[in-house]
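Open your viewer and keep the selection tool handy. We will move from one stop to the next, and at each one I will say what to select and what is there.

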Amino acid sequence: MLITPESFAAKILAFYQTHGRKDLPWQKNPTAYRVWVSEVMLQQTQVKTVIPYYQKFMRSFPTIKALANAPLDDVLHHWQGLGYYSRARNLHQCAQKVMTEFNGRFPKTLAQMESLPGIGRSTAGAILSLAMNRPTPILDGNVKRVLARVFMVDGWYGQSAVNKHLWDLTSRYTPQENTANFNQAMMDLGASFCSRSKPQCEQCPLAIDCLAYIHGKTAEYPHKKPKKTIPTKQAKMYLQINPRQQVLLVKRPPTGIWGGLWTLPQFSQPSSIDSVKPQSDDTMCENLIDEIKHTFTHFHLHAQVYTAPKVPTGQSANGWTIEETSQQKWHNINELKRLALPTPIKKFLFRYFQINE
DNA sequence: AAGGCGTGGAG
DNA sequence: TCTCCAAGCCT
């Protein structure tokens, strides 16, 4: 016998009263702007990581108008270290769109909300429910985990059929009343008792209704994503300093890895061959000074950093190709801390030039 | 429909 | 040290 939506909502709302989080920075006077910024920052990012970014961001861009009028580079700088930088670009574009197309106020329908860049179905639902108390469901990782266990949903989240099933479930079980508290509580339950590992089912209000718990299979749900070995990309980076003590940096194209951020001029091997080591060309007078190893979601980066009097241009030997860039510029050393730099590049540069922070 | 897109915390 | 993956969206 499946739990009814009424009973489900009642239990979750009771949980909200006793265990719900009510003091997060974006929860005091939760305007659409505040909820939106927090929700975008929280995409695939933990609360603890987000909080300091959120607070600094709000001090710098207190209103959507201020955000829309800010240079994109400033927004990217505030996003430095958070990752998934297209979020910052979309956030900026979205602010401008809300200003010009919606007179500076977020729309109130789900369809209009979802039409905005960087706002998908779940983020739209979160803004509408948490900031406007409209009865829209959400489906973030926490809600997915709770539902996958309570209803023993088979399959991995990445499969569209599974995602659709979970959307059907959250739509059916999200109440029309008190939707804000319900949605917040579902996320809080998923983040606390119904955690990924070692869930505390004895304390969960849904324990007696939870199919996974009843069958002793909470550890099996949600199903894990199939693991794949990710490739390693080799790269050569060049640290070039001119007589005025400036360093040459390139701005990466808007899309792709590290989109819009400043990094070192870089040669890459399109195909990953782990055994092939890049070879220094003596005529270039290169000096290997450091090595950068960094792991992304879908590949490892293994880069050698060289100092060179001049960065090689065009097609290099052995199939090494220069990475596409949108812009290049000499930067003063003392201005590096104002730029949006990828984390491993920032660590290298700050270490090399002995910059603090 | 499945893969691209960051980083750091947890175990 | 290594694996897994977190308040997803876009293409």
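## First stop: DNA strand C

Select Trp26 in the protein: a polar atom of its side chain lies 3.3 Å from a base nitrogen of DNA strand C. Pairs like this are polar contacts, meaning two N or O atoms within 3.5 Å; inside the protein, one atom must be able to donate a hydrogen and the other to accept it, and residues adjacent in sequence count only if both atoms are side-chain atoms.

A word on the ground rules before you click on. This is a predicted model, in which local features need pLDDT of at least 70 and side-chain atom pairs count only at pLDDT 80 or more, while totals for chains, interfaces and linings use all residues. Residues are numbered from 1 along each chain as its sequence is written, chains are lettered from A and ligands numbered from 1 in the order in which they are written, and side-chain values use heavy atoms, with hydrogens and water left out.

Now select Gly120, where a polar backbone atom sits 3.0 Å from a phosphate oxygen of DNA strand C. Move on to Gly141: one of its backbone N or O atoms is 2.8 Å from a phosphate oxygen of that strand, DNA strand C.

Widen the selection to everything near DNA strand C, where "near" means that a heavy atom of the residue lies within 4 Å of the strand. There are 24 such residues, and Leu42, Gln44, Gly118, Thr123 and Asp140 come nearest. Of the atoms of DNA strand C that come within 4 Å of the protein, 63% are sugar and phosphate.

Colour by secondary structure next. Helices (H or I, at least four residues) and strands (E, at least two) are DSSP runs, numbered from the N terminus. α8 (121–132), α9 and α11 (179–191) each bring at least two residues to the surface near DNA strand C. That surface has seven nonpolar, 10 polar and seven charged residues. In this scheme, Ala, Val, Leu, Ile, Met, Phe, Trp, Tyr, Cys and Pro are nonpolar, Asp, Glu, Lys and Arg are charged, and the others, Gly among them, are polar.

Stay with Gln44 for a moment. Its phi is positive, about 60°, although Gln44 is not a glycine. You will find Gln44 in the loop between α2 (32–41) and α3 (47–60).

## Second stop: DNA strand B

Which residues come nearest to DNA strand B? Select Tyr85, Ser160, Trp258, Thr297 and His298, from the 24 residues around DNA strand B.

Zoom in on Ser160, where a side-chain N or O atom is 2.6 Å from a phosphate oxygen of DNA strand B. At Trp258, a backbone N or O atom lies 2.6 Å from a phosphate oxygen of DNA strand B. Tyr84 offers a polar backbone atom, 3.0 Å from a sugar or linking oxygen of DNA strand B.

The elements that give two or more residues to this surface are β5 (287–295) and α13 (343–352), and α13 has the largest share, with three residues. The surface near DNA strand B divides into eight nonpolar, 13 polar and three charged residues. Of the strand's atoms within 4 Å of the protein, 71% belong to sugar or phosphate and the rest to bases.

## Third stop: the second largest pocket

Select Leu82, Gly83, Tyr84, Tyr85 and Phe296, the nearest to the pocket's centre among its 25 lining residues. The space in the second largest pocket is about 590 Å³. α6 (86–101), β5 and α13 each supply at least two lining residues, and α6 gives the most, with three.

Why does this pocket lie between two domains? Domain 1 (5–149 + 157–192) and domain 2 (232–352) both give residues to its lining, so the pocket lies between them. The domain bounds come from an automatic or database domain assignment.Here, a pocket is an open set of points on a 1 Å grid over the protein atoms alone, with protein on both sides within 12 Å along at least five of seven lines; a cavity is a set where a 1.4 Å probe fits but cannot get out, and lining residues have an atom within 4 Å of a point. Points are joined across faces, edges and corners, and a volume is the space filled by probe spheres set on them.

## Last stop: the largest cavity

Finish with Arg149, Cys194, Cys201, Cys204 and Cys210, the closest to the centre of the largest cavity among its 14 lining residues. About 100 Å³ of space lies inside the largest cavity. Helix α9 (residues 141–150) gives the most to this lining, with three residues.
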